[in-house]
Amino acid sequence: MNMSEENAKYQIDTEENRAFLAEIREDLLRFGHQFPSPGGSSYYLGDDGTPWKERSRETWITCRMAHVYSIGALLGHEGSEALVDAALKGLTGELHDARYGGWYPGLTADGEILPDKQCYAHAFVILAASSATLAGRPGAQELLKEALIFYDSHFWNEEEGLACDTWNTQMTVLDDYRGLNANMHTVEAFLAAADVIGSDVYRVRAERIIDHVLTWASENNWRIPEHFTKDWTPDLECNKDRPDDPFKPYGTTPGHGIEWARLITQWALSVPAFEERMGTEGEDWRQPKKYIDAAEQLYNRAVEDAWNADGAPGIVYTTDWNGQPVVHDRMHWTLAEAINTSAVLYRATGKAKYAQDYAQFMRYLDESVLDHVNGSWFHQLDQNNQVIGTVWPGKSDIYHALQATLIPYYEPSVSIAPAVKRGLKKN
């Protein structure tokens with residue numbers, strides 16, 4: 001391959017880039033085939049895709065695998081339907097709480113129930129059921145209906161326009177912690193549900209969450225607070241003693257700023273008659289065009305803070321409130337979201353900068369993050385881009401990576417599974 005061909009491989013809207021992503025996508029779908037346990041809940045996968053059966057089998061991972069293989073089924077990947085059905089068996093069986101309702105966080109290796117009920121996991125049940133419904137899998141529609149009813153009753157707060165985070169298993173005690181990670185995946189799930197069932201109730205709810213996030217971000221130089229007290233006061237010092245926590249890290253998480261930017265853009269483009277309202281005057285970001293502007297602010301702040309922040313390529317996991325790196329490790333999902341969001345912002349704005357960013361991220365994927373031997377992507381690298389596993393050992397799922405092979409080439413106003421179902425390709 002000569003230099004011009006290699007460069008084309010990383011450029012958006014080239015045949016070489018499409019072929020590169022298609023190859024990665026098939027490798028990912030093959031890699032994940034061994035996830036189902038006998039009861040359907042997802043095993044955590046090791047570096048070569050074999051199950052790590054000594055680890056807990058978690059609901060959010062099971063949902064992610066149901067989602068990606070629903071997309072696999074829509075794409076015609078052989079064996080996907082059976083894999084979706086296996087995950088649905090887990091979600092309607094051993095992971096489901098028949099007594100108190102909802103879904104356990106997961107099961108231990110010995111089959112013991114993990115405590116509590118997590119908003120994060122329940123958002124992914126909605127996403128999984130939405131995608132499986134599109135794939136026509138048995139029981140998926142009923143699962144989606146149940147998941148929405150349970151979520152609406154227990155996690156969504158209509159008065160606040162936000163979701164709470166964690167109940168006890170019996171659904172009698174609500175934890176005081178409030179967080180944006182679960183709300184971010186709630187936006188993702190609500191937009192998917194809106195696209196699948198045609199209800200704008202969930203699109204309106206997504207807007208309410210987004211409005212809160214943009215208010216908090218704009219007050220913090222476009223760095224998003226992640227953790228809050230029960231009255232939604234930002235807790236900027238949360239977990240300062242555990243800065244690399246996988247779900248509640250200290251400081252700001254640039255990867256989430258990037259991911260929020262994509263979801264906000266998707267929401268804004270999905271609003272009816274958005275294009276006709278693009279010329280609305282005024283400085284308030286709550287007007288439609290201002291959402292895209294705000295998404296650009298979030299993305300550009302995160303990339304400025306985190307990309308190549310310590311002299312080596314990659315997006316650092318966390319920074320402090322001045323944008324200085326705290327945890328220098330690179331997580332694969334941040335790169336996946338950077339690929340997605342740079343492409344989506346390029347589609348939404350036409351700005352060459354985002355196409356250039358996309359090419360930069362694609363080159364880094366190929367040179368450092370893509371496992372060319374075993375398949376999938378390395379889930380964690382240190383600041384020298386050496387593979388480590390202190391936060392994310394192995395390769396738990398293929399959700400972020402698979403979406404990054406699709407979102408750049410599908411309609412950005414529609415959730416990815418519905419876009420694939422409808423064949424809404426770009427160029």
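R301 is partly exposed, with a relative accessible area of 22%, where partly exposed covers the range between buried (under 20% relative accessible area) and exposed (over 50%), computed with a 1.4 Å probe on protein chains only. The model is a predicted one, in which local features need pLDDT of at least 70 and side-chain atom pairs count only at pLDDT 80 or more, while totals for chains, interfaces and linings use all residues. Residues are numbered from 1 along each chain as its sequence is written, and side-chain values use heavy atoms, with hydrogens and water left out.

**Salt bridges**

R301 forms a salt bridge with D305, and the closest N and O atoms of this pair are 3.5 Å apart; the term stands for a side-chain nitrogen of Lys or Arg within 4 Å of a carboxyl oxygen of Asp or Glu. Because R301 and D305 are 4 residues apart in helix 11 (residues 288-306), about one helical turn separates them. Helices are DSSP runs of H or I with at least four residues, strands are runs of E with at least two, and both are numbered from the N terminus. D305, unlike its partner, is buried, since its relative accessible area is 9%, whereas R301 is partly exposed.

By the rule given above, the count of salt bridges comes to 23. Another of them joins R363 to E367, with the closest N and O atoms 3.5 Å apart, and these two residues lie 4 residues apart in helix 13 (residues 352-369), again about one turn of the helix. Here R363 counts as partly exposed at 27% relative accessibility, and E367 counts as exposed at 54%.

The salt bridge between R205 and D152, whose closest N and O atoms are 2.8 Å apart, links distant parts of the chain: R205 belongs to helix 8 (residues 200-218) and D152 to helix 6 (residues 140-154), with their positions 53 residues apart in sequence. R205 counts as buried because its relative accessibility is 12%, while D152, at 24%, counts as partly exposed. In addition to D152, R205 touches W156, E158 and F190, leaving aside residues up to four places away in sequence, where a contact means heavy atoms within 4.5 Å. Elsewhere, D195, D200 and R203 are linked in a network of salt bridges.

The three pairs are set side by side here.

| Pair | Closest N and O atoms |
|---|---|
| R205 and D152 | 2.8 Å |
| R301 and D305 | 3.5 Å |
| R363 and E367 | 3.5 Å |

**The nonpolar core**

The largest nonpolar core has 134 residues, and W260 and W377 are those with the most contacts inside it; such a core is a set of buried Ala, Val, Leu, Ile, Met, Phe, Trp, Tyr and Cys residues joined through side-chain atoms within 4.5 Å. Helix 5 (residues 119-134) supplies the largest share of this core, namely 11 residues. When residues up to four places away in sequence are not counted, the residues that W260 touches include L180, M184, V187, I209 and L298.

W377 also appears among the contacts of L335, which, with residues up to four places away left out, touches I315, F361, Y364, L365, V369 and W377. L335 is found in helix 12 (residues 332-349), and it counts as buried because its relative accessibility is 2%. Although L335 and H400 are 65 residues apart in sequence, their C-alpha atoms lie 9.0 Å apart in space.

**A sheet of three strands**

An open sheet of 3 strands has the order 11-12-13, with antiparallel pairing, and two strands pair if DSSP finds at least two bridges between them. Its edge strands are strand 11 (316-319) and strand 13 (380-381), each of which pairs on one side only. Strands of a sheet pair through backbone hydrogen bonds, either parallel or antiparallel.

Strand 11 is joined by 3 bridges to strand 12 (residues 325-331), and the two run antiparallel. Within this pairing, T318 stands opposite V327 in strand 12, while the bridge partner of T319 in that strand is P325. The hairpin made by strand 11 and strand 12 has 5 residues between the strands, and in this hairpin G323 takes a positive phi near 85°.
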